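Here are my comments on the model you sent, set out as numbered points. Please read them with the sequence and the coordinates open beside you.

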Amino acid sequence: MAERQEAERGSAGRLVAIAEEGEQIWEEITRLIAAARRTGKEGEGALRDALDRYPYLTLAAAATGGYLLGGGLPNWALRWVYDVAGRVTWMALVQHLLDAAKNAEPDTQGASAGFQA
């Protein structure tokens, strides 16, 4: 009977740890979304500035990009570009999460801030 209660406490402790890590992940996702929004606003500002300074060059670059993405590139080249962009994005995301885990303050109980085995 005592073993069963200890096992239930152990599983409850694991559930609490999983819930805490889920909260940490949610906070990181929220920060990433906020950073993406800020970057989008900065990009929009840069685009408006470029359009004000160099209107014809900006329109030519937009037309070239639209042509290439809309069908000017062979399918294999477009797949390759998307594959590379996706890998770079995921690598940056993982690196950001690892850096955030390294910079997090450790718990007073000695548990790590990152994933636990």
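**Notes on the predicted model**

1. Of the 117 residues in the protein chain, 4% count as buried. This is a predicted model, and the remarks below should be read with that in mind. The accessible surface of the protein chain comes to about 10,300 Å², of which carbon and sulfur atoms supply 62%.

2. As to secondary structure, the protein chain has three helices and zero strands, and the order of its elements, read from the N terminus, is α-α-α. Helix 1 covers residues 2-53, while helix 2 covers residues 55-72. Most of the points that follow concern side chains in these elements.

3. A nonpolar patch on the surface deserves a look: I25, W26, I29 and I33 together make it, and its area is about 410 Å². I25, one of the residues of this patch, belongs to helix 1. With a relative accessible area of 41%, I25 is partly exposed, because that value falls between the limits of 20% and 50%.

4. Is E28 buried or exposed? E28, which is found in helix 1, counts as buried because its relative accessibility is 13%, and the cut-off for that class is under 20%. Leaving out residues up to four places away in sequence, E28 touches H96, L97 and A100. A reader inspecting E28 should therefore look at these contacts together with its relative accessibility of 13%.

5. The side chain of E28 also forms a salt bridge with that of R31, at 2.6 Å from N to O, and the two side chains are likewise joined by a polar contact of 2.6 Å. E28 and R31 are three residues apart in helix 1, so about one helical turn separates them. The partners differ in class, since E28 is buried at 13% whereas R31 is partly exposed, with a relative accessible area of 49%. The pair is also part of a network of salt bridges that links E27, E28 and R31.

6. How many salt bridges does the model contain? The count comes to five, among them the pair just described and two further pairs in helix 1, taken up in the next two points.

7. R48 and E44 meet through their side chains in a salt bridge of 3.1 Å, N to O. Both residues lie in helix 1, where they are four residues apart, about one turn of the helix. R48 counts as exposed because its relative accessibility is 54%, and the cut-off for exposed is over 50%; E44, at 41% relative accessibility, counts as partly exposed.

8. D49 and R53 likewise form a salt bridge between their side chains, here at 3.8 Å from N to O, a value to be read against the cut-off of 4 Å. D49 and R53 are four residues apart in helix 1, about one turn of the helix. At 37% relative accessibility D49 counts as partly exposed, while R53, at 57%, counts as exposed.

9. Which residues does T58 contact, once its neighbours within four places in sequence are set aside? They are L47, A50 and L51. T58 itself lies in helix 2, and it counts as buried because its relative accessibility is 14%, a figure that falls under the cut-off of 20%. In a chain where 4% of the 117 residues count as buried, both T58, at 14%, and E28, at 13%, may be worth checking by eye when the model is inspected.

Note on methods. Residues numbered from 1 in each chain as written. Predicted model: local features only at pLDDT ≥ 70, side-chain atom pairs only at ≥ 80, totals over all residues. Heavy atoms only, no water. Patch = residues over 30% accessible without salt bridge, like charges linked within 9 Å, V, L, I, M, F, W, Y side chains within 5 Å. Areas by Shrake-Rupley, 256 points an atom, 1.4 Å probe, with all protein chains shown as cover. Buried < 20%, exposed > 50% of the residue type's maximum accessible area, 1.4 Å probe, protein only. Contact = heavy atoms within 4.5 Å. Polar contact = N/O pair within 3.5 Å; in protein donor to acceptor, adjacent residues only side chain to side chain.
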